[in-house]
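Here are my notes for you, as numbered points. Have the model open beside them as you read.

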Amino acid sequence: MNACDSDTLSSILLTYGALRVYNLLDADVVILNTCSVRTQSEQKAFSYIGRIEKFKRLNSNFKIIVIGCMAERLGYKIKKRFSSVDLVMGLNDINNIALKIINLCSTSDDDNSVKKIFDSKSSVISRYMIIIRGCNNYCSYCVVPFVRGIEKSIEYQLLIDKCYFMVENGVREITLLGQNVNSYRYKGINFSLLLKKIASIKNLSRIRFMTNHPKDLDDELINVVASEQKICHHIHLPMQSASNRILEVMNRKYTYEDYLNLVTKLRTVIPNVSITSDIIVGFPGETEKDFNDTLNAVKKIRFDGLYVFKYSPRPNTIAYKIPDIVTLEEKKRRHLIILNESNKISVEIVSKMIGSVQRVLAEKINDGIVESKTVGGRKVFFKGNKNHIGNTFNVIIKAVKINSLLGDII
Ligand code: 5AD
Ligand code: SF4
């Protein structure tokens, strides 16, 4: 979501005459879009500010701007800690943020000068689009509802217009984003209807979406994914834990059995569905037995991809008040065990893909090597040319390289 917000902000700033640069030495302005989901994300942002402060000495115009969840959560405290920070703003209204940034960067003697803004490169073939902001779920460990506020679906027609605009400008894959896309609702239009409408856009090849909440992923949606050709057969479905006791304290509102049934249903109804997940280890009170339940579930379900996180206590959340009894060493140990298991499964799954034919969308080219993605979201590299970009092909998988695949176009 942050990547998507950053892209939107960049586009607005470009229309104001900003210039995107890819080297910090060329930049007048650095905008840090921050995350608060774990303490580590915030620490990374702090240490980044520490590292870039010195550019102020090299360039007197150099401005540091902090936006996003951490700015929302800590506000002025960030400026107190780092006097080098020029502006701190949450992310409620991107247009307003853009205006404030432009005002801050325009001084009387350089009003018309182009401001160079440091930004990461982003693909034009595949784009993100936020469809719902905020979250009402209040999982007991999660800071999101406190920094992003309650759920708010974005106006349906605005989304459709945006999709058409993107496709006219060469985008071929759109990933719909929301903390819980399943809750999308705008004047009677639910997520399934939105997907169907977007799938009818000519020249759009692929649609992806994330994140789903297991309690809200209904049959209607599963059937739409199964029947609409353009919707990638990939479901990101955070499990978090397989211990019913822990799931209850996490306020996830499903049991492990519910989760398992959902996985079975997805695998039955959607051919070759790729299921990925998130897991938290070391949640307060997680015993060795709870942990083993989760480990066994990982072995049983065999996710196509897994993100494993060490529990990080976040202020304001319910779980923050529960004594954090799992030690850091223990969290690290559990984290590593699940990670190793998940990597082992990943290697097995990917190895089995050798010799298979995969439908891929070509996104980028570098030195005659095309970077593409399978329906399940895995990267495939093959020899090609720039005419391949934006088109879909069948490739035969020849070799495996850690997390990516090498293939030949058929
Ligand atoms: N500690 C660790 N992981 C967390 N997540 C959310 N909050 C926390 C936290 N306090 C993880 C969840 C979520 C993913 C985006 O981040 O697994 O699905
Ligand atoms: Fe956080 Fe739960 Fe909402 Fe996801 S569903 S953003 S984990 S509160």
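1. Let me start in the sheet, bearing in mind that this is a predicted model. Threonine 175 has arginine 208 of E11 as its bridge partner. That pair belongs to a ladder of 5 bridges, over which E8 and strand E11 (residues 206–210) run in the parallel sense.

2. E8 also pairs with strand E6 (residues 126–133), again parallel, through 6 bridges. If you want a residue pair to click on here, isoleucine 130 is bridged to leucine 177 in E8.

3. How many residues of strand E8 are buried? Across residues 173–178, the count is 6 of 6. Glu173, Thr175 and Leu177 point one way, while Ile174, Leu176 and Gly178 point the other way, and all of them are buried.

4. Moving on from E6, have a look at asparagine 137, which sits in the loop between E6 and helix H7 (144–148). Is asparagine 137 buried or exposed? Its relative accessibility is 8%, so it counts as buried, the cut-off being under 20%. Its side chain makes a polar contact of 2.9 Å with the side chain of lysine 215. Beyond its neighbours within four places in sequence, asparagine 137 touches Asn180, His213, Lys215, Asn251 and Lys253.

5. Asparagine 137 is also one of the residues around ligand 2, in a shell that includes Cys135, Cys139 and Cys142 as well as Tyr138 and Tyr141. Val144, Pro145, Gln179, His213 and Arg252 are members too. By class, this shell holds 7 nonpolar, 3 polar and 1 charged residues.

6. Which residues surround ligand 1? They are Val37, Arg38, Tyr141, Gln240, Asp278, Ile280, Phe309, Lys310, Tyr311, Ser312 and Arg314. Here the split is 5 nonpolar, 2 polar and 4 charged. Tyrosine 141 is worth a second look, as it is listed both around ligand 1 and around ligand 2.

7. For the polar contacts of ligand 1, begin with aspartate 278, where a polar side-chain atom is 2.6 Å from an oxygen atom of the ligand. Backbone atoms take part as well: a polar one of serine 312 lies 2.8 Å from a nitrogen atom of ligand 1, and a polar one of tyrosine 141 lies 3.0 Å from a nitrogen atom of the ligand. On its own, ligand 1 would expose 400 Å², and the protein buries 85% of that area. Strand E13 (274–281) and strand E14 (305–310) are the elements that each give two or more residues to the shell around ligand 1.

Key: Residues numbered from 1 in each chain as written. Chains lettered and ligands numbered in written order. Predicted model: local features only at pLDDT ≥ 70, side-chain atom pairs only at ≥ 80, totals over all residues. Heavy atoms only, no water. Near = heavy atom within 4 Å. Polar contact = N/O pair within 3.5 Å; in protein donor to acceptor, adjacent residues only side chain to side chain. Areas by Shrake-Rupley, 256 points an atom, 1.4 Å probe, with all protein chains shown as cover. Helix = DSSP H or I, 4+ residues; strand = E, 2+ residues; numbered from the N terminus. Nonpolar A, V, L, I, M, F, W, Y, C, P; charged D, E, K, R; others polar. Buried < 20%, exposed > 50% of the residue type's maximum accessible area, 1.4 Å probe, protein only. Pairing = 2+ DSSP bridges. Contact = heavy atoms within 4.5 Å.
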